Amino acid sequence: MSDAHLTERQLIEGPEPVELTDEPIRLSTHDPEQDPQGRGLVSRRRRIALTVALVAGLAGAAALGVAGWRIAQEKAVRMDAPAHLAGLTRDDSERARSTADYLRSGFAADIDLDRSIGTVYRDPADEKRVVLFFGGTTLLWQPERELDSLFRLMADETGRVTDVRTVPAGKYGGVMKCGRTSGDGGDFAICGWADHGSVAMGMFANRPVDDSAGLFRQLREGIQTRD
């Protein structure tokens, strides 16, 4: 038996040993140098994907910027009811003040307001065409949702509010809607507005909805001011 060192023995069976060379080991048969079109296609796809992502990001940032600007513009609001407005006269009688306070308190109980107001206006041309106004100021992130909840509340209180539709909001923007209801007190048109700084509602006795919407815009322009 030979006593030769183990390292001097040769393997008789088995695969040939792998020789390491200076050439890079390729894990694929694809040769990028021989397929420049494929490499260009991948690059274009990456550029397109990056462009889409950037555009989407910029669009999102722009939307947030517009929303932030709108909130900043609308949040600083004051509301005061002048004695004379849009051909109407504020009713300062004890009965009218009691009604206004009742409306204002009920309104403020359902939405967290910084300041609330309520008043009754009378039409000198027709005493039956009374106008009840109540509203307040606060920061609203989703004005339309808040306004819709107030219309649902009015429906619960009066039985129902029908034909609610969006109407032009006027120079202050936001959202404005009107509908109508009827009850023991007669027929009323109901209008409401909401923006990022205020929300209000008006009840108009014995007036068509379209006429009430126009009058409500006039009331808003006389009652609401922005800093």
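Here is a walk through strand 9, its two neighbours and a pocket in this predicted model.

Let's start with strand 9, which runs over residues 198-205. It's mostly covered, with eight of its eight residues buried. In a regular strand, side chains alternate between the two faces of the sheet. You can follow that here: Ser198, Ala200, Gly202 and Phe204 point one way, while Val199, Met201, Met203 and Ala205 point the other way. Whichever way they point, all of these residues are buried, meaning under 20% relative accessible area.

Now look at what strand 9 pairs with. Strand 5, residues 126-137, pairs with strand 9 in the antiparallel sense, over seven bridges. To find your place in that pairing, pick out Thr137, whose bridge partner in strand 9 is Ser198. Strand 8, residues 186-194, also pairs with strand 9 in the antiparallel sense over seven bridges. Here Phe188 has Ala205 of strand 9 as its bridge partner. Strands 8 and 9 form a hairpin, with three residues between them.

Phe188 also takes us to the second largest pocket, since that residue is part of its lining. This pocket has a volume of about 230 Å³. Joining Phe188 in the lining are Asp91, Ser93, Arg95, Ala96, Thr99, Val120, Arg122, Val130 and Leu132. Helix 2 (94-110), strand 4 (115-123) and strand 5 are the elements that give two or more residues to this lining, and helix 2 has the largest share, with three residues. As for chemistry, the lining is a mix: five nonpolar residues, two polar and three charged.

Definitions and conventions. Residues numbered from 1 in each chain as written. Predicted model: local features only at pLDDT ≥ 70, side-chain atom pairs only at ≥ 80, totals over all residues. Heavy atoms only, no water. Buried < 20%, exposed > 50% of the residue type's maximum accessible area, 1.4 Å probe, protein only. Helix = DSSP H or I, 4+ residues; strand = E, 2+ residues; numbered from the N terminus. Pairing = 2+ DSSP bridges. 1 Å grid on protein atoms, 1.4 Å probe; cavity = no way out; pocket = protein on both sides within 12 Å on 5 of 7 lines; lining within 4 Å. Points joined across faces, edges and corners; volume = space filled by probe spheres on them. Nonpolar A, V, L, I, M, F, W, Y, C, P; charged D, E, K, R; others polar.
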